[in-house]
Amino acid sequence: MASLSDQLEEVRVSVEGSLSAPGSAQEMRAGVAAMADIPLPPSSKYRYIAAESMLTENGSGNNRKEVRKLSTALNILEKYGSNLTNPNRPKYWRTVKYNNPVFRTTVDSIEGGRAVLNLYGYTNQQQDGLSFPDDVVQPDVGKVASVTLEVMCLRMELDMLIKGTHPHPEFFERLIPSLTVIYLIVSVHFYHFYSIPLNFSAESCTICGIFPVSAHCPTCTQRLCTECDRLYHSHSGRSTHIRIPVTSSKATKRLRLWQCKSCTVVNAGSSILCEVCERPRLATRPPVAPSRPTPTAAGLMDSQWMCQFCTYVNHTPSPACEMCCLSRSEPALSPSKPLPLSPVKDVTPLPAPPKVIPAEDPDLKRQRLMREEGLKLIQLIREGEKKGVSPEEVYTSMCVSGNSNVMPYDWLKAELPHVLDEICVMSNAVPLSRAEAKRAWLAAGGDNEKAVRQALRNRRVKVKELGSLGFNDVTRCEEALRQSGGDVRGALVLLQRPLLEPFHQRMWSEEPEPPIDINHPDKQHVCRRLLAVYELPSWGRCELVLSLLQDPTATYTLEDVIQAVRESPDRDFIRRVLNKECPICLSIFPHSKMQSLTSCQCSVCCGCFKQHFTIAVRDKHIRDMVCPVCTEPDINDPEHLNSYFSTLDIQLRDCLELDVYELFHKKLTEQALIKDPKFLWCSHCSYGFIYDGDQLKVTCMQCRKSFCAQCKKTWEAQHMGLSCEQFQLWKRENDPEYQKQGLAGYLRDNGITCPNCRFQYALARGGCMHFSCSQCRYQFCSGCNNPFHTVSSCLNQCTVTGLHAHHPRDCLFYLRDWEPARLQALLQVHTHTRFNTGVCGVIEQKDEGTRQTDSPCGAQTQPGQAGLCEKHYREYLVSLINGHSIDPAPLYTLDELTVACRRYRVEVRQGDGEDERAYFVRLLKKLMDDVPLGDKVPRKK
């Protein structure tokens, strides 16, 4: 068989479900009655509300009216809870106003009423009432249903105690002494009635106050109903009393409905207050002021009417009362038409009676006084608000000070501190602050004793709340509450401050944080510090860090392991990350100590990275700053050059020394200036600068020598007023030294010009066509100025690997293999100047080991080749061919034409029956039309 606690829990769950969800009212009442019948004391039956405290504080003494008052208040609290659990809540469910007459006369007049409202959720105490906190959107329906169920059960048990039908009254004998007399003898089952008829007016029983009187006892002077008479006179000491039956003109049958005498609304028999006007059931109808019509004030009487709710006489025919704002029950009567005067005979007028001044109506006088007092109170409240005094303080000070002539705010300023100190003294050993005493004094309406009790109750609740948060020292809690003015949050801050003091001292201390000891015996202590200092994502990662560092073969630091563990929890991956081999020094480093460029996947240690780029910046060109492992990227590619150097600048900023980094920036700036079309190189000292002038004569700022801005030749006075071509022609015809140098001087003057930085070299193009500029390290073909590539993806569908360039068909790269006679035929030249034979003096660039030097050719000249060797003579002829933009294709043989078409992807198939001559002509035309000559080939004449 289930225990009583299990039965209580089962009934509680069932009824709470019907409260929080729409259900049958009969089922809910049956569940509440079943819960009330369970034989358990209030301390075990009621989980949320303090039932024993409410019964003890509100049922002390022998006055049963207090118990009935508690039952009425519980009925109102039950309605508050039912409204909150109802899905269709009232519009103003969030607040409970103190000025509500029902709340003031029922809930607020008992001890523990506001505590039940706090359980509902009305925890935000304001000056004019209670409300839900602003951050609460919906009430906690489950908790409200549980509290409402206990309120309903306690009210039902009180009703059964009052009626004498409670099955277990022994649980309440100690709590409510006034009801003990009803249950002294419960075994008496008979009444003794005497038929001495008396005629009394119908009235209610003096015990229950609900049912009509049926008997009168002269001995104990009680007028009782049938049920109360049976229970009250069942005691052995009162069983011999003689009761006189009371007859009433009204029917003795119990009425289940009752009509409000104020608003005439029919209410249920179980309700105590009217559902419309909320007036008590036993309240009488307010008296109606008698009307005194006068012949001269007919219109005035038609406009005056008395409110049936507040009995205020309104002087305007408005549909609502000026005092209570309730609507008028009956429409204002329209003024009747005046009757015509009836003809009368002339009579002798009677002497006028003496004029009597009518006395003022008592009701009108009372209303006038009420209005004057209300206006005076409003004026005082407004003046108090200007001086920072709340309306509650003004009203309470008026109630306490009485009818004295002292203004409320003056009384508050002079007397309130003494009153608050008195309340603090009356609280005995509990230290109260003035703020707590003031709140309790206002809540008690100026009653000091009640204020002390209220303040002590509030203090006990707050101390209990602090105890639930872990602060069990009552003395410290009360002192903290006194210092914070009763604020729980402020007291919590004061209580937590000593606990946080060691942490604050360590946080604000200038001493460095002690290092983490991996070999500390407390493993959890080390893991907690790792979580706090390094913000690892989990406890398991901390244990992984400890296991890696405690490995005897580990050579890495804590920071390296922390960074590796943040990336992945895989132990094998972490070991690979922590053991990277540098391809230069072959040492083992963690991944965090390795650096790599964005152009490749190679990684080197920080030391090798710094050393490589330090040497490259100091001793090499800017284009030598590539990966030390794979020599990527291709510096000749202008698309990737800017992005590569911008990323490299960020990496070298924190890596190189300050002077080395500044040198790197200087070289990088010069590299950017080279691309400026106004940038010039000095032909004397190789100094570069920006020239904004429009004259041909330029003076170097470094060596102070002059040269031509266009042809880069040394400036001579004869160049003034002549173009560069005209000056060169004049020089050939008039300068003996130039004529003496012959074609070697021509080749020198028409030497190699870098297409990237426009630096000019007085060198011949013969020999290797791969030329590397010493200024910008740009690699290009000296015959056509096309760049050399180191990758096979230089052009679409390019299949050539290694270092190569794409040359046009008129480039020296192809024409240098032709015989001079064939080149002369192309130029249509059949005569040439003869020079003596000897050694060729053309300056050219030669490779000597790892260095490149400029030196004379030194080859033997041949007769009929203008004093040049055959190689440079061919270069001279090709320069003339390029200067006149002559296409060498017409002198191709069929095999050469076929190879050229294959090289430039010109596909033309020989037709059926087409002879070779016709096919050659068609193929030659297709090549010359589709493939133009080189656009970068020097065309100097």
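**Note on the predicted model: salt bridges, helices and local backbone**

1. Start with a pair inside one helix. Arg368 and Glu372 join their side chains in a salt bridge, 3.3 Å from N to O. The two sit 4 residues apart in helix H11 (residues 362-386), so about one helical turn separates them. Arg368 is partly exposed, at a relative accessible area of 35%. Glu372 is also partly exposed, at 43%. Bear in mind throughout that this is a predicted model.

2. Overall content. The protein holds 33 helices and 25 strands. Of its 941 residues, 39% are buried. Take the contacts between residues at least 6 apart in sequence: 50% of these join residues at least 24 apart. The exposed area is about 55600 Å², and carbon and sulfur atoms supply 54% of that.

3. Salt bridges across the chain. The whole structure contains 27 salt bridges. One of them pairs Glu150 with Arg12, with the closest N and O atoms 3.0 Å apart. This pair links distant parts of the chain: Glu150 belongs to helix H8 and Arg12 to helix H1 (residues 4-20), 138 residues apart. Are Glu150 and Arg12 buried or exposed? Both are buried.

4. More on Glu150. Helix H8 covers residues 141-163 and includes Glu150. The relative accessibility of Glu150 is 0%, which is why Glu150 counts as buried. Setting aside neighbours within four places in sequence, Glu150 contacts Arg12, Lys45, Tyr46, Arg47, Tyr48 and Ile49. Arg12 thus appears in this contact list and as the salt-bridge partner.

5. A strand-to-loop pair. Lys97 and Asp128 form a salt bridge through their side chains, at 2.9 Å from N to O. Here too, distant parts of the chain are linked: Lys97 is in strand E1 (residues 95-97), while Asp128 is in the loop between strand E2 (124-125) and strand E3 (129-131), 31 residues away. Lys97 is partly exposed, at 34% relative accessibility. Asp128 is partly exposed as well, at 35%.

6. A network. Salt bridges also link Glu78, Arg155 and Asp159 into a network.

7. Helix H33. This helix has 15 residues and spans 21 Å from first to last C-alpha, close to the 21 Å expected at 1.5 Å a residue. Which residues of H33 are buried? They are Tyr919, Phe920, Leu923, Leu924 and Leu927. These buried residues cover an arc of only 130° around the axis, so they lie on the same side of H33. Arg917 and Lys925 are exposed on the other side. H32 is among the elements that cover the buried residues of H33.

8. Positive phi near the C-terminal helices listed here. Two residues other than glycine deserve a check. Ser885 has a phi near 50°, a positive value. Ser885 sits in the loop between helix H31 (870-883) and helix H32 (894-903). Ser885 is partly exposed, at 40% relative accessibility. Arg905 has a positive phi too, near 55°. The loop between H32 and helix H33 (916-930) holds Arg905. Arg905 is partly exposed, with 49% relative accessible area.

9. A cis peptide. The bond between Glu632 and Pro633 is cis, with omega about 5°. Where does Pro633 lie? Pro633 is in the loop between helix H23 (606-619) and helix H24 (638-653).

10. Thr614. This residue belongs to helix H23. Thr614 counts as buried because its relative accessibility is 16%, and the cut-off for buried is under 20%. Thr614 and Glu657 are 43 residues apart in sequence, yet their C-alpha atoms are 8.3 Å apart. Neighbours within four places aside, Thr614 contacts Leu656 and Val660.

11. A nonpolar surface patch. Leu499, Leu500, Phe503, Met507 and Trp508 make up a nonpolar patch on the surface. Together these residues offer about 620 Å² of accessible area. Phe503 is in helix H18 (residues 488-508). At 40% relative accessibility, Phe503 is partly exposed.

Notes:
Residues numbered from 1 in each chain as written. Predicted model: local features only at pLDDT ≥ 70, side-chain atom pairs only at ≥ 80, totals over all residues. Heavy atoms only, no water. Buried < 20%, exposed > 50% of the residue type's maximum accessible area, 1.4 Å probe, protein only. Contact = heavy atoms within 4.5 Å. Areas by Shrake-Rupley, 256 points an atom, 1.4 Å probe, with all protein chains shown as cover. Patch = residues over 30% accessible without salt bridge, like charges linked within 9 Å, V, L, I, M, F, W, Y side chains within 5 Å. Salt bridge = Lys/Arg side-chain N within 4 Å of Asp/Glu carboxyl O. Expected span 1.5 Å × (residues − 1). Arc of directions from axis to C-beta.
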